[in-house]
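Hi there,

Here is the structure I promised to pass on to you. Have a look at it first, and then read my notes below.

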Amino acid sequence: MMKFVILAAAVCAVAFGAPRASHLAAPEASVPSDHNTTVVPILEDKRTNDNNGTFTVNVKTGNGITMSESGSPSGTNGSVVQTGEFSYTAPDGTPVTVKFVADENGFQPQSNMIPVAPAFPHPIAQFVLDQIAFAAKEDAARSLAFAEAVFENPASLS
């Protein structure tokens, strides 16, 4: 009888100590009550797929995000080449549009929002030029010291 009581107590302790299955609750129930969420409607979602790798996707949302993409197996060895564009408004109010191609050369975006390196040759800061000259002097001195050491003792090379 004592074994039964101990076993029952252990089962109850495990049952009460087990984690709650809160992940099974509806998503709305897991959002804190002080959290404001905005639902953005999908105004358009059109998709086509002809089952040979050719597809199109067009999406527009209620907050101004748009995305249009198409692809076909026209790349090297039948790889799918994709082209498209997406646009949205940045938090500062700037409209952003990105056009792209994705093919055997990778993802290639084009946008006035993507930073571009200055054209070369561009001005090089003086402190950079000074550092390059200093490094060149050190390399020359090291080479001269090595040559002198070899000249004085050629057997040191073997």
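**A strand with two faces**

Let's start with strand E2, where the side chains take turns: Phe55, Val57, Val59 and Thr61 point to one face and are buried, whereas Thr56, Asn58 and Lys60 point to the other face and are not buried. This is a pattern to remember, because in a regular strand the side chains alternate between the two faces of the sheet. Please keep in mind as you read on that this is a predicted model.

Threonine 61 is a good residue to click on. Strand E2 covers residues 55-61, and threonine 61 belongs to it. Is threonine 61 buried or exposed? Its relative accessibility is 13%, so threonine 61 counts as buried, the cut-off being under 20%. What is threonine 61 in contact with, if we leave aside its neighbours within four places in sequence? The answer is Val40, Pro41, Ile42 and Leu43.

**The neighbours of E2**

Strand E2 has a partner on either side of it in the sequence. With strand E1 (residues 42-49), E2 pairs in the antiparallel sense over 7 bridges. One place to see this pairing is lysine 46, which stands opposite asparagine 58 in E2. The hairpin of E1 and E2 has 5 residues between the strands, and there asparagine 51 takes a positive phi near 65°.

With strand E3 (residues 66-72), E2 again pairs in the antiparallel sense, over 6 bridges. Here you can look for phenylalanine 55, whose bridge partner in E3 is glycine 71. The hairpin of E2 and E3 has 4 residues between the strands, and glycine 64 in that hairpin takes a positive phi near 90°.

**The chain as a whole**

Now zoom out. How many helices and strands does the protein chain have? There are 3 helices and 6 strands, and along the sequence they follow the pattern α-α-β-β-β-β-β-β-α. The protein chain has 158 residues, of which 11% count as buried. Its accessible surface comes to about 13,000 Å², and 63% of that belongs to carbon and sulfur atoms. Among the contacts in the chain with a separation of 6 or more, 6% are between residues 24 or more positions apart.

How confident is the predictor? The average pLDDT of the protein chain is 82, and 77% of the residues score at least 70. Where is confidence lowest, and where is it highest? It is lowest in helix H2 (residues 27-30), at a mean of 52, and highest in E2, at 96. Where pLDDT is low, the predicted coordinates should not be read in detail.

**Charged pairs**

Side chains of opposite charge can pair when their charged atoms come close. The count in this model comes to 2 salt bridges.

One joins aspartate 45 and arginine 47, with the closest N and O atoms 2.7 Å apart. Aspartate 45 is partly exposed, with a relative accessible area of 42%, while arginine 47 counts as exposed at 56% relative accessibility.

Another joins the side chains of arginine 142 and aspartate 139, at 3.1 Å from N to O. Both residues lie in helix H3, 3 residues apart, which is about one turn of the helix. Arginine 142 counts as exposed at 53% relative accessibility, and aspartate 139 counts as partly exposed at 42%.

**Two more stops**

Helix H3 (residues 126-152) also holds leucine 129. Leucine 129 has a relative accessible area of 37%, so it is partly exposed. Together with Ile124 and Ile132, Leu129 forms a nonpolar patch on the surface, with about 260 Å² of accessible area in total.

The other stop is lysine 99, found in strand E5 (residues 95-103). Lysine 99 is partly exposed, with a relative accessible area of 46%. Which residues does lysine 99 touch, not counting those up to four places away in sequence? They are Gly84, Glu85, Gln108, Pro109 and Gln110. You can also compare the positions of lysine 99 and glutamate 69: they are 30 residues apart along the chain, and their C-alpha atoms are separated by 9.6 Å.

Enjoy exploring, and write back with any questions!

Best wishes

Methods: Residues are numbered from 1 along each chain as its sequence is written. This is a predicted model: local features need pLDDT of at least 70, side-chain atom pairs count only at pLDDT 80 or more; totals for chains, interfaces and linings use all residues. Side-chain values use heavy atoms; hydrogens and water are left out. Patches are made of residues with over 30% relative accessible area and no salt bridge: like charges are joined within 9 Å, nonpolar side chains (Val, Leu, Ile, Met, Phe, Trp, Tyr) within 5 Å. Accessible areas come from the Shrake-Rupley method with a 1.4 Å probe; for residues, only the protein chains shown count as cover. A salt bridge is a side-chain nitrogen of Lys or Arg within 4 Å of a carboxyl oxygen of Asp or Glu. Buried means under 20% relative accessible area, exposed over 50%, partly exposed in between (1.4 Å probe, protein chains only). Contact means heavy atoms within 4.5 Å. Two strands pair if DSSP finds at least two bridges between them. pLDDT is the predictor's confidence in each residue, from 0 to 100.
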